[in-house]
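Me: Please give me a close look at how the strands pair here. Then carry on from there to the helices and the ligand surroundings.

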Amino acid sequence: MSDAVAQYATNDSSKAPEEKVNLLGLSREKMADFFVSIGEKPFRSQQVLKWIHHNGVEDFDQMTNIGKKLREELKQKAEIRPPEIVSQHDSADGTRKWAIRVGGGGLVETVYIPDGGRATLCVSSQVGCSLDCSFCSTGKQGFQRDLTAAEIIGQVFLAVKSFDGFVDSQKRIITNVVMMGMGEPLLNFDNVVDAMSLMLDDFGYGISKRRVTLSTSGVVPALDRLGDVSEVSLAISLHAPNDELRNQLVPINKRYPIAELLAACNRYWDKQSDTHRVTTVEYTLIAGVNDQPEHARELVELLKGFPCKINLIPFNPFSLSDYQRPSKKAVQRFWQILSDANFITTIRSTRGDDIDAACGQLVGQVEDRTKRSERHRANYTESQVINVR
Ligand code: SAH
Ligand code: SF4
């Protein structure tokens, strides 16, 4: 292996034993660099990107506009290797959920949520998460590792393939992507940025920057860096109207308190070329903790003058948490106070509590997975979250 090839191989911790470069995760720039590194013209990168992300091709021999000699060289030095689907569950409403095995044996989940004319894919960025938000089942697992760019974009690749979207390219299988699966995307910065660039790229999935959303709990320095390199939409996990409460729910708030986070969002939008884009504020409502009218009124005060829309998420209970889901009445009351104050506010609805596909429950307790998968297979009728933007 040449040094140049090694450079790409070492960026991908899911590499095969022979250390081939996994082309699936290479952004347009990195793909061009790879071809230059093996003595080829950069335009090869566009051909290969299209074969992979427009046609779903994993076998170099199917790349008919590439000569045999180069195909043989590519087979020696590179591969196109998506992560492996361990299980797939379909719900009556069209929601599809996959458990996906990534390199090193970790598992993550990806969820496809059709909703009228659009379909949102909820994508994971890490195995587990280090930030330990008190209401999040991913946080309870602790952090295992970052996904590679190939494993992140691989979730989009697998989803499109699973709906035959590569075969019938007229069908737009995925209209929106939300980085709201497992993990904190800003703590896996480079890989997430590369994967999102492929989501937006015309040689990749060609999704509008407005329809790819990164959700963060508030890693402020990384958010500032993001504004320099990406144009995606932004969601923040706020969940509390003051620092005292947020410190309990979202521990990273002790490092980057609310005022700093909101200021960083403003800086992010200041760096974007287009106007009229606003931050989505996610607020998970937990019974008796942050769902009272006084919390809503405090939130109104806090967000006055901050351009945003608000997405209320009723807490999804899971076995390791004592928190409760709020009553419909409490959710409605909270919504009313925000709406009366002229905030555009949506409520994310959840169905199928028995299916841990709902927001924040992705994967859940890893050790319980096999049993749960069997149960799902037997019982699966309806699942999941709707109304994800
Ligand atoms: N780490 C990122 C993205 C993944 S979490 C973040 O925190 O923003 C995606 C969303 O699900 C976040 O808004 C998170 O707060 C929410 N969430 C996590 N656990 C939840 C639960 N049990 N019920 C409802 N929402 C939850
Ligand atoms: Fe991590 Fe987000 Fe869960 Fe917090 S809510 S533990 S940041 S995945």
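**The sheet and its surroundings**

Reply: Let's start with β3 and strand β4 (residues 96-101), which run antiparallel and are joined by six bridges. (Two strands pair if DSSP finds at least two bridges between them; strands are DSSP runs of E with at least two residues, helices are runs of H or I with at least four, and both are numbered from the N terminus.) This is a predicted model, in which local features need pLDDT of at least 70 and side-chain atom pairs count only at pLDDT 80 or more, while totals for chains, interfaces and linings use all residues. Residues are numbered from 1 along each chain as its sequence is written, with chains lettered from A and ligands numbered from 1 in the order in which they are written.

Within this pair, Gln88 faces Trp98 of β4 across the bridge ladder. Five residues separate β3 from β4 in their hairpin, and Gly94 in that turn takes a positive phi of about 95°.

Now step back to the whole sheet. β3 and β4 begin an open sheet of 10 strands, in the order β3-β4-β5-β6-β9-β10-β11-β12-β13-β14, and the pairing is mixed. At its edges lie β3 (84-90) and β14 (345-347), each paired on one side only. From one strand to the next, the twist averages 20°.

Further in, you can find a parallel pair: strand β6 (residues 118-122) and strand β9 (residues 176-179), held by three bridges. Here Leu121 is set opposite Val177 of β9.

On to the helices. Helix α8 (residues 220-229) packs with helix α10 (residues 258-270) at an angle of about 5°, their axes 9 Å apart (axes are fitted to C-alpha atoms, over the stretch in contact for helices, and angles between N-to-C directions run from 0 to 180 degrees). α8 is therefore roughly parallel to α10 (under 35 degrees; over 145 is roughly antiparallel, 65 to 115 roughly perpendicular and the rest oblique). Val220, Leu223, Asp224, Leu226 and Gly227 of α8 touch Glu260, Leu261, Ala264, Arg267 and Tyr268 of α10, with contact meaning C-beta atoms, placed from the backbone, within 7 Å. That contact holds six nonpolar, one polar and three charged residues (Ala, Val, Leu, Ile, Met, Phe, Trp, Tyr, Cys and Pro are nonpolar, Asp, Glu, Lys and Arg charged, and the others, Gly among them, polar).

Helix α2 (residues 28-37) meets helix α3 (residues 43-53) at about 125°, with the axes 8 Å apart, so α2 and α3 are oblique to each other. Arg28, Met31, Ala32 and Phe35 of α2 make the contact with Arg44, Ser45, Val48 and Leu49 of α3. Five of these residues are nonpolar, one is polar and two are charged.

For helix α6 (residues 149-162) and helix α7 (residues 189-200), the angle is about 35° and the axes are 8 Å apart. Ala149, Ile152, Ile153 and Val156 of α6 come up against Asn191, Val192, Asp194, Ala195, Leu198 and Met199 of α7. This contact counts eight nonpolar residues, one polar and one charged.

Finally, look at ligand 2. Around it sit Cys129, Leu131, Asp132, Cys133, Cys136, Thr138, Gly139, Gly183, Glu184, Ser217 and Ser237 (a residue counts if its C-beta atom, placed from the backbone, lies within 6 Å). This shell has four nonpolar, five polar and two charged residues.

Methods. Two residues are in contact if their C-beta atoms, placed from the backbone, lie within 7 Å.
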